[in-house]
Structures are given as structure tokens and as C-alpha cells.
Amino acid sequence: MKTSRLSLLFSVATLLALAASSCSDALLDEMARLASEANRPAISPANGTIVTAHETITLSFDEDMDPGSVSVSGSMLLDSTTLSWADARTLNVNPSNDVDWSAGDGKSLKVDITHKGQLSSYTYVFEVFNGVCVEGGDSNASDDTTKAWAGTQRHPFNSIAKAIGFIDDIYSAGAEVRVARSSVTPNEYLVNYSGDFSSRIVLQVGFSLKGGYSPIWNDRSTALYPTIIRDLGSGDYSFNDPNRAVDCGTGLTTATSIEGFNIIGSSLGTNSVALFCKDSSPTITDCIIYAGGNPASLGDYDKSAITVSGTTSGDSQPHITNCIINFEGSGGTNTKWCAGISIYDYGKPRISCCQIFSGNTSTTAPDATSFGIRATFLAGSDPIVIDRNIIESGAGTTSKAISLESVPDTPIHINNNIIKSGPAITTTIGINSESCQLFIRNNTIITGHSTSFIPNNYGIYIHSSLSTSIDNNLFLNRSPSLRTTHAIYESYATTDAVTCLNNFFWEFDSTDSHYLYHDYPSTNINEINTLNSLDNNDANIVMNPLIDEYFRPTKDSPSDFLSGGINGNSAFWIFTNDLSGVIRPTLGGWTIGAYQSE
């Protein structure tokens with residue numbers, strides 16, 4: 001017998017000796033309890049562990065049992081749960097590996113045994129989840145879907161692709177694939193999109209993909225257990241059909257998520273992305289995503305960390321949240337064209353609470369351009385919302401934190417962001433707008449770069465006669481002298497289509513710095529009173545906001561900055577909070593910039 005059972009039997013013997021002199025009811029009850037525990041059936045998986053809803057649970061008895069003397073019940077059982085005796089001492093519950101357990105914490109399995117006229121009851125408790133497990137390289141891992149234990153924590157899949165196919169076969173919507181860090185050197189799940197179709201990771205409707213689990217499944221941390229997916233595809237694919245590490249499938253809603261992964265696009269193929277989302281609307285959260293690079297500077301190939309597109313209106317509206325994209329410009333090395341997020345056709349994402357960096361494009365190619373977010377040739381009137389992010393332009397000849405090109409029917413809302421210029425060679429632009437309906441509100445926009453000689457710097461560059469609202473923004477100039485810098489540059493405007501209200505400007509007072517270049521009529525505007533005298537311009541202020549190093553207001557910030565902004569509730573704006581999630585006041589003026597004064 002096991003040591004624990006020997007201890008129990010020894011306790012029973014001790015109590016029997018005591019009972020000879022004093023046989024109280026309480027003592028007899030304790031004797032009966034200990035005797036019962038000594039006969040508790042062993043269970044696998046162990047009591048108190050996590051099981052999948054399709055997993056077989058095995059009970060092992062110390063003696064031959066009459067099948068009619070054993071019954072099973074409890075909160076984890078469904079009506080369809082079946083029993084099967086492997087032999088007289090082994091009972092398998094859910095032997096066919098159907099989805100027969102009720103998911104949740106604290107789920108009980110009760111075993112009643114009637115033996116020699118006595119009823120003994122034993123309760124086991126589990127956490128049950130709907131889904132399967134993956135741990136590449138684990139000694140017990142297998143992609144054999146015919147095994148009774150396929151996809152459990154004790155016998156996980158090696159392959160994410162195989163796990164997704166299996167879960168789609170046996171579960172209905174609402175299940176998840178849990179992925180632990182791969183133990184196969186270099187601790188990555190490798191996809192060869194163009195060379196090995198079986199390795200392709202394609203999300204399915206209703207089944208979420210979650211990374212960051214520890215190898216023994218007792219913890220989840222994306223920092224401690226990075227779960228890396230990398231594409232090695234080298235085929236010559238197109239912009240509309242690129243190599244990709246993860247494909248978001250079709251028809252997904254935000255109820256389906258991919259979360260907790262490091263995803264890296266191929267550096268080998270001509271067109272590649274890390275995550276491709278076409279005609280699908282999942283939630284993409286808590287991921288670190290990098291565009292692939294090139295071993296040497298190639299032609300004008302597209303490299304993006306994320307691409308979002310759609311065939312018809314409403315098809316592709318993913319929510320991208322809490323992600324780090326091209327961290328500090330480390331994606332897209334040596335590329336000629338690279339974006340953090342590329343959007344086109346009917347792609348209409350909501351992008352929130354992310355850190356987004358432009359790609360690290362070549363600094364020698366004459367036309368190298370990097371983008372944090374690029375939307376081009378959009379169709380349809382569904383809006384794009386870019387809210388509560390930190391977005392930084394990067395390297396290359398020209399770098400744009402946000403670039404919106406040929407999107408006349410799509411309203412684009414840019415709210416509560418910090419938008420910064422990076423170390424480009426000739427030109428940096430915070431927000432580039434070409435033929436857009438644009439609403440730029442409560443952002444902190446930093447032009448120029450304090451350590452790089454960038455000849456041309458623009459906070460907002462507008463090539464459009466469509467309406468543009470620029471309200472409650474803080475413009476800061478970080479360019480040293482002798483750099484041409486504009487907070488706002490309005491070009492190609494046949495009418496005054498820009499509304500500029502309640503903005504703060506600071507350090508645009510040097511010879512080469514301007515609040516506005518105004519193309520109607522053509523002139524640089526260096527006086528704030530002149531700016532406010534233009535049609536649709538008012539209450540713009542030049543003053544030191546006295547913010548901290550993170551661009552947040554301080555107790556010393558002037559009142560015009562702390563409460564001089566338009567109240568978006570009264571103006572029916574689409575947002576009510578700030579970058580950090582603080583609710584802006586219902587009454588009174590809002591704080592200028594991305595952060596609300598608390």
C-alpha cells in the first residue's frame with residue numbers, strides 16, 4: 001500500500017487500542033472516517049489539479065469491485081458522462097474523451113461505494129476548462145489525435161496548428177488553446193507559411209489562443225514564459241496574400257482572442273506580416289508583435305507587424321489592445337517599407353492601449369519609409385478609432401507615426417495618444433493626412449528629435465480639403481535650432497477645412513519653427529493671435545504646460561492647461577476618458593493633451 005494509507009491504518013490501530021478502554025460515539029465516528037479514508041480510490045489526474053473538459057478521469061481501487069456498487073456524481077458531470085470498467089479495479093469516467101465535464105473552478109466529482117452494507121462517499125475537486133494544451137518539446141507531448149489523452153496538460157500537443165484542428169473537431173465555441181513556452185531550441189513555435197502548410201496557424205471561430213503558460217501549467221506570465229511564434233516563410237507572396245506567422249481566419253468576432261504571444265514575421269519572403277487579419281474581427285491583446293526584416297536592403301516589399309483588411313463593410317473590425325508593436329523600432333530591419341499596423345480596403349480596427357513603433361527601415365535606401373500606423377485606400381464609412389496609445393515614428397529616410405492616405409469616406413478618430421517623432425534622416429511626421437475626415441483630439445504630439453538632425457519636422461501634415469478637427473491637443477517642439485518645424489502644416493487646401501480649437505503650443509518660437517503653415521492663403525504663421533484670427537480657429541494658447549517627464553500635468557501646470565479644453569461630453573465626442581483610463585469630468589473644461597488632471 002501507499003505510505004499515506006499505511007499511516008491511516010496505523011492511526012486506526014491506535015484508535016482501536018484506545019477504544020478498548022473508552023468506546024465513545026465520537027471516537028467510533030473518527031475510527032469509521034479514518035477507515036473509510038484508508039480505502040479512498042486513487043484518482044488520475046490528481047485531486048486539486050486542472051483538467052480539460054474532454055479528459056478521461058481514472059479511479060483505481062485496492063480490491064475487485066462490483067460495478068453495481070459504485071456510482072459517480074458531482075457538479076463537474078454532464079448528463080452525457082459515461083463510465084467504463086477497464087478491469088475489476090479500474091474505472092474510467094468519460095473514456096471516449098467527449099466534452100463531458102462542466103467547466104469552471106471548484107468542480108466536484110463524488111464517488112459513492114456501497115460495500116458490505118456500508119456507504120462510503122469520496123469527493124474530489126478540479127478546475128475544468130474547455131480546450132486543449134500545447135507545449136512544444138515536452139517529453140509527453142504528441143500530435144497524435146487518436147490517443148485518449150490528446151491535448152491534456154499531462155500529454156499536450158507539440159503543434160499549435162494541430163491543436164487548433166483538434167479543438168475545432170470536438171468543441172463548440174468558447175473553448176481555448178492554452179500554449180506553454182516551447183522547450184525546443186530556440187524556444188519558439190516555428191511556422192513555414194510558404195513551405196509547410198501543416199504548420200500554418202489559422203484561428204477558428206469561437207476558439208481563443210492563449211500563450212504565456214509555465215511548463216508545469218501552474219502559472220501564467222508572458223514575461224516569465226514568453227511564447228514565441230515565428231514565420232520562416234520564404235515564398236514570393238503579395239501584399240494581399242503575404243507570408244504570415246498567424247492568420248486570423250475569417251468571420252471571427254471580438255469574443256475570440258489571441259493573447260499572450262510574441263509574434264515575429266518572416267525575414268525571408270518578399271511580402272510578410274507577423275499577424276494577418278482579413279475579413280475577421282478578433283481581439284488581439286497582450287502580444288508583442290514584430291515585422292520581419294531583410295538580411296540586406298531589398299526592393300519595395302511590404303513588411304508589417306499587423307495587416308488588417310476587409311472585403312466588404314463590417315467584415316474586419318478587430319480590437320488591437322495592450323500590444324507592443326515593433327518595440328523601439330526593432331521590427332523591419334533593413335526593409336525599404338515597413339509599418340507597425342497596415343490597414344487597407346474595408347479594414348476598420350480599433351487600436352487602443354498599445355505601444356506602436358515604426359519599423360526599423362534602411363537608412364541608406366533613398367525612399368525608405370517607416371510607419372507606426374498606415375491606412376491606405378480604405379473603403380466604406382465605418383470609422384477607425386486610434387485611442388490611448390503611445391505611437392512613435394522611427395528610422396528611414398521618412399518616418400510617419402500615423403499615415404492616412406486616400407480614405408475619403410472613412411472617419412478616423414485619433415484620441416488620447418502620445419505621438420512622438422523618431423530619428424529619421426530627412427522628414428518626420430506625427431500624423432500625415434491625405435483625403436481624410438479626421439478628428440484629432442486630446443493628444444500630446446511631440447515634433448522633432450532632440451538628438452537627431454532631422455531637416456523637416458511636422459506634428460500634423462494635411463494634404464486634404466476634407467474636414468479636419470484639431471482640438472485640445474498639446475504640441476511640443478523637441479527640435480534643436482536650424483530644423484524646419486511645423487506644429488500643423490496645411491497643404492493642398494482650396495478652402496479652410498481645418499478647425500483648430502483649444503490647443504496648447506510650446507517651444508515653436510524659434511526662427512525655423514511655426515504654429516501653422518496655412519495654404520489658404522499660403523503663409524507661415526508664427527503668432528498665436530494670427531492663428532486664432534483664422535476662420536474656425538480659436539482659444540489656442542502658447543504657454544509652458546509645466547508637465548512632468550511622462551507628459552502628465554503637475555500641480556504647477558497653468559489653469560488654462562488643466563481645465564481650458566473643450567468638454568467632450570458637451571460636444572458629443574466619442575470618448576470620455578484619458579490615456580491612462582481616468583474619466584474626464586462631466587462638467588467644466590477638460591485638461592489639454594493625453595492626460596487628464598486628477
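Is Arg 244 buried or exposed? In this predicted model, Arg 244 counts as buried because its relative accessibility is just 7%. The close-ups below start with that residue and then move around the structure.

**View 1. Arg 244 meets Asp 241 in a salt bridge.** The two side chains come within 2.6 Å of each other, N to O. Arg 244 is the buried partner, at 7% relative accessibility, while Asp 241 is partly exposed, with a relative accessible area of 33%. If you go looking for other pairs of this kind, the whole structure has 15 salt bridges.

**View 2. Asp 387 and Arg 350 pair up from distant parts of the chain.** Here the closest N and O atoms of the salt bridge are 3.6 Å apart. Asp 387 sits in strand β28 (residues 384-387) and Arg 350 in strand β25 (residues 350-352), with their positions 37 residues apart in the chain. Asp 387 is buried, with a relative accessible area of 3%; Arg 350, at 36%, counts as partly exposed.

**View 3. Glu 405 reaches Arg 374 in another salt bridge.** The closest N and O atoms are 2.8 Å apart. Glu 405 belongs to strand β30 and Arg 374 to strand β27 (residues 369-378), so this pair ties together parts that are 31 residues apart in sequence. Glu 405 is buried at 9% relative accessible area, and Arg 374 is buried too, at 16%. Elsewhere, Glu 176, Arg 178 and Lys 210 are joined into one network by salt bridges that share partners.

**View 4. Asp 279 is buried but has no salt bridge.** Find this one in the loop between β18 (272-278) and β19 (283-285). The nearest side chain of opposite charge belongs to Lys 278, 5.4 Å away. That is no salt bridge because the cut-off is 4 Å. Leaving out residues up to four places away in sequence, Asp 279 touches several others, including Gly 249, Thr 250, Ser 309, Thr 311 and Asp 315.

**View 5. Ala 339 is tucked into strand β24 (residues 337-345).** Its relative accessibility is 0%, so Ala 339 counts as buried. Beyond its sequence neighbours up to four places away, Ala 339 touches Lys 303, Asn 326, Phe 371 and Arg 374, among others. The C-alpha atoms of Ala 339 and Phe 357 are separated by 8.3 Å, although the two residues are 18 apart along the chain.

**View 6. Ile 160 is one of the best-connected residues in the largest nonpolar core.** That core has 101 residues, and Ile 160, Ile 263 and Ile 320 have the most contacts inside it. Strand β30 (residues 398-415) gives the largest share, six residues. Among the residues that Ile 160 touches, not counting those up to four places away in sequence, are Val 134, Val 179, Tyr 189 and Phe 261. A second, separate core has 12 residues, including Leu 474 and Phe 504.

**View 7. Strands β9 (residues 131-134) and β10 (residues 176-180) run parallel over four bridges.** Val 134 has Val 179 as its bridge partner in β10. Between the strands, the chain passes through helix α3 (residues 160-170), and this β-α-β crossover is right-handed.

**View 8. An open sheet of 12 parallel strands runs from β11 to β43.** These two are the edge strands, β11 (188-191) and β43 (541-542), and each pairs on one side only. Within the sheet, β17 (residues 262-264) and β20 (residues 288-290) pair over three bridges. Ile 264 has Tyr 290 as its bridge partner in β20.

Methods. Residues numbered from 1 in each chain as written. Predicted model: local features only at pLDDT ≥ 70, side-chain atom pairs only at ≥ 80, totals over all residues. Heavy atoms only, no water. Core = buried A, V, L, I, M, F, W, Y, C linked by side-chain atoms within 4.5 Å. Buried < 20%, exposed > 50% of the residue type's maximum accessible area, 1.4 Å probe, protein only. Contact = heavy atoms within 4.5 Å. Pairing = 2+ DSSP bridges. Right-handed = clockwise from strand over helix to strand, strands pointing away. Lys, Arg positive; Asp, Glu negative; His and termini not counted.
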